[in-house]
Every structure is written in structure tokens, then in C-alpha cells.
Amino acid sequence: MSNLLTLKKELEKGGINLCYCGPISYDVLEAIGKNIRERLEKEEKNQYVGKKVFGLFVEAVQNIKDYSDEIMAEETQVTSLKSGIITIGKKDNKFFIETGNIVNNEKKDSLVEQIKKLNSMTKEELKVLYKIERQKPIDESTGRGGLGLIDIARKSSEKLEYDITAIDSQNSFYLLRISI
Amino acid sequence: MNSLEIAATNTTPEVLFDPNMNLLIMNGELYPENATAFFSPLINWLEGFLGKKNEPITCNINIPYFNTSSSKYLMHIFEMLNRAHKKEKKIIINWYYEEGDEMSMECGEEFQEDLDLQFELVEKKS
């Protein structure tokens with residue numbers, strides 16, 4: 001019990017008011033997303049803040065579902081249930097979303113390269129890139145549109161923050177922080 | 001040709017494609033788990049519809065939120081309409097957004113910028 005209390009206190013200290021850790025199904029995304037949106041639409045003066053946080057939450061969670069290499073269980077024959085951790089909080093009057101998931105070490109470099117590229121671009125350049133990528137057909141075998149991270153970079157108020165921590169020779173923990 | 005009618009769910013809009021009225025309506029939020037599964041019937045229906053008729057078509061879109069994979073499919077549908085427009089078909093797309101919802105208005109603008117057909121941004125007064 002004391003561990004859970006410590007965890008709760010740690011989260012609160014970091015300004016985090018929602019945390020989910022475990023296998024991520026679309027039902028989880030829908031339920032948590034709806035909850036955050038409704039809460040923020042009531043609490044925030046600007047009713048569209050809730051919608052913005054919600055939109056970024058959807059893309060951030062989808063990002064874990066697409067790229068996490070921690071597979072919990074075979075959900076269906078086609079897709080498998082990916083695992084990760086996601087938090088939403090508010091600090092210095094600004095919302096943030098953090099996601100964490102396991103990635104294979106071989107993917108590490110391309111991931112960092114992609115984020116660095118997005119971080120080097122202006123909002124106008126990101127818009128152009130978004131539009132170019134949007135014209136490309138969707139990968140029907142994976143269902144991935146490849147727009148999620150670009151959209152996140154466009155909507156976040158700061159550059160994307162990330163951290164990659166080696167776990168062992170095979171895997172690393174990938175953390176992404178989005179400021180809103 | 002039959003109409004295409006799909007009821008709304010939590011993550012997909014109501015769809016009403018009416019070949020007699022030449023009216024295409026999508027109404028509601030759009031972030032399905034599987035965008036391909038949702039859009040395939042719409043795209044198939046439109047392929048048949050656009051090949052046949054030569055009357056003015058009105059497309060009313062009221063989608064307050066959509067995710068990025070749906071954005072790709074919406075663009076695909078608008079491009080189908082844009083190609084028909086280039087073949088002398090009269091088409092108008094009305095993009096509805098709530099007054100004050102800048103994000104939704106900008107989403108409409110970004111489609112408008114990439115299309116040649118008549119694309120109207122229509123503010124709904126709250």
C-alpha cells in the first residue's frame with residue numbers, strides 16, 4: 001500500500017492528474033479521452049482547451065499503439081495489444097502529456113532522427129510537411145497514416161522533449177513529452 | 001443507385017449520401033480505430049456515384065474533431081470530388097464549424113487551400 005501512496009504523491013508533485021499504465025486498447029483511449037475532454041470543457045474558461053488536449057491525447061496514445069514493442073497479449077489475429085504509460089498534467093498553468101513505451105534498440109536512431117527533424121522545423125514548415133504526407137496513401141496493412149507525430153509537433157507549444165533510456169541490449173524506454 | 005446511410009457511433013459520424021438529392025452529408029466526430037474500414041464503403045459508393053450523375057452536388061461536412069488517419073481519408077474523398085469538379089461537374093463543399101472553434105476552422109482552411117473546387121467555411125452561431 002505504501003508503494004502506491006508514494007506513487008500517488010510523486011504523480012501529484014509532478015502536476016500529474018491522470019496516469020494510465022498497461023495494455024492500451026482503443027476502448028481505453030476512448031474512455032480516458034472522453035473523461036479528460038468533458039472534465040476540461042467544464043473546468044477551463046476556454047472550452048476548446050479540452051478539445052485540444054483531447055486531440056493530442058488521441059494521437060499520443062495512437063503513437064504508442066503503433067510503435068510500442070511491448071506486446072501484452074494477442075488481441076485479435078490481426079492486431080496485438082501494445083503496452084505503455086501515459087500521463088496528463090498541468091504545471092505552471094500549462095497542460096502537458098507524457099507517454100512512455102518500450103522500443104527495440106534498432107528503432108532508436110530513426111526515432112530520434114525523426115523528432116530532431118520535426119523540432120528543427122517552424123510551424124509553417126510543419127504545416128507544409130503535414131500536407132505533403134497527407135497526400136500519400138495510407139498503409140492499409142498497418143492502418144498507419146504517418147501523420148501523428150507531425151500533428152503533435154504542430155500543436156504543441158514547445159519543441160518535443162524526449163528521452164531514451166537503455167533497458168538492456170535489446171530494448172529501450174522511450175519517453176515523449178508534449179507541452180500544450 | 002441506393003443511398004448510403006450509416007448511423008453515428010462514439011467515434012464515427014452519421015453518414016448520409018443521397019443520390020437523388022445529390023447531397024453528401026457527414027455529421028459528427030471522427031476518430032475510428034480503423035479508418036480504412038470506416039471509409040472503404042464511402043469511397044466505393046462515391047466512385048459509383050461520381051461516374052454516373054452530372055448534376056450539381058452539395059457536400060455538407062460537420063466534423064468538429066477528426067484524427068490524423070481520418071484526415072488522410074477525408075482528403076482522399078475531397079480529391080475525388082475535386083477530380084470530378086475538373087471534369088466540369090458542379091460541386092460545393094460546405095465545411096461547418098462552431099463559432100469560436102479556431103482549430104476546426106483552420107482544419108477546413110487547410111483542405112480549402114489544397115482544392116480547386118468551391119469550398120466554403122461556414123460558421124455556426126452558438
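In this predicted model, Asn60(B) stands opposite Asn94(B), a residue of strand S5 of chain B. The pairing around them joins strand S4 (residues 57–62) of chain B to strand S5 (residues 91–98) of chain B, and these two strands run in the parallel sense over five bridges. Both belong to an open sheet of six strands in chain B, which follow one another in the order S1-S2-S3-S4-S5-S6 with mixed pairing. Strand S1 (4–6) and strand S6 (118–124) of chain B each have a single partner strand, so they stand at the edges of the sheet and one side of each is left without a neighbour. From one strand to the next, the twist of this sheet averages 10°.

Asn60(B) also appears among the contacts of Leu23(B), which touches Leu16(B), Phe17(B), Asp18(B), Thr58(B) and Asn60(B) when residues up to four places away in sequence are not counted. Leu23(B) has its place in strand S3 of chain B, and its C-alpha atom is separated by 11 Å from that of Glu55(B), although the two residues are 32 residues apart along the chain. Across strand S3 (23–27), S4, S5 and S6 of chain B lies helix H2 (residues 68–86) of that chain, which runs at about 145° to S5(B).

Helix H2 of chain B leads on to a site to which both chains contribute, for H2 and helix H3 (102–113) of chain B, together with helix H3 (47–67), helix H5 (123–135) and H6 of chain A, each supply at least two residues of the lining of the second largest pocket. This pocket has a volume of about 710 Å³, and of the 34 residues that line it, the closest to its centre are Lys155(A), Glu102(B), Met103(B), Glu106(B) and Cys107(B). The element that gives the most to the lining is H3(B), with eight residues. Sorted by class, the lining has 10 nonpolar, eight polar and 16 charged residues.

Helix H6 of chain A, one of the contributors to that lining, also packs against another helix of chain A. Two packed helices are described by the angle between their axes and the distance between the axes. For helix H4 (residues 105–119) of chain A and helix H6 (residues 148–155) of chain A, the axes come within 10 Å and cross at roughly 35°, and the crossing is right-handed. On the side of H4(A) the contact is made by Gln114(A), Ile115(A) and Leu118(A), and on the side of H6(A) by Leu149(A), Ile150(A) and Ala153(A). These contact residues divide into five nonpolar, one polar and no charged, whereas the lining of the second largest pocket has 16 charged residues.

Chain A also has strands that pair, and here strand S6 (residues 171–179) of chain A is joined by nine bridges to strand S4 (residues 94–104) of chain A, the two running antiparallel. Within this pairing, Ile97(A) stands opposite Ile178(A) of S6(A). S6(A) is also joined, through six bridges and again antiparallel, to strand S5 (residues 161–166) of chain A, where Asp163(A) has Leu175(A) as its bridge partner in S6(A). S5(A) and S6(A) form a hairpin, with four residues between the two strands.

Notes:
Residues are numbered from 1 along each chain as its sequence is written. Chains are lettered from A and ligands numbered from 1 in the order in which they are written. This is a predicted model: local features need pLDDT of at least 70, side-chain atom pairs count only at pLDDT 80 or more; totals for chains, interfaces and linings use all residues. Side-chain values use heavy atoms; hydrogens and water are left out. Two strands pair if DSSP finds at least two bridges between them. Axes are lines fitted to C-alpha atoms, for helices over the stretch in contact, and angles run from 0 to 180 degrees between N-to-C directions. Contact means heavy atoms within 4.5 Å. A crossing is left-handed if the near helix is turned anticlockwise from the far one by less than a right angle, and right-handed if clockwise. Ala, Val, Leu, Ile, Met, Phe, Trp, Tyr, Cys and Pro count as nonpolar, Asp, Glu, Lys and Arg as charged, and the others, Gly among them, as polar. On a 1 Å grid over the protein atoms alone, a cavity is a set of points where a 1.4 Å probe fits but cannot get out, and a pocket is an open set with protein on both sides within 12 Å along at least five of seven lines; lining residues have an atom within 4 Å of a point. Grid points are joined across faces, edges and corners, and a volume is the space filled by probe spheres set on the points.
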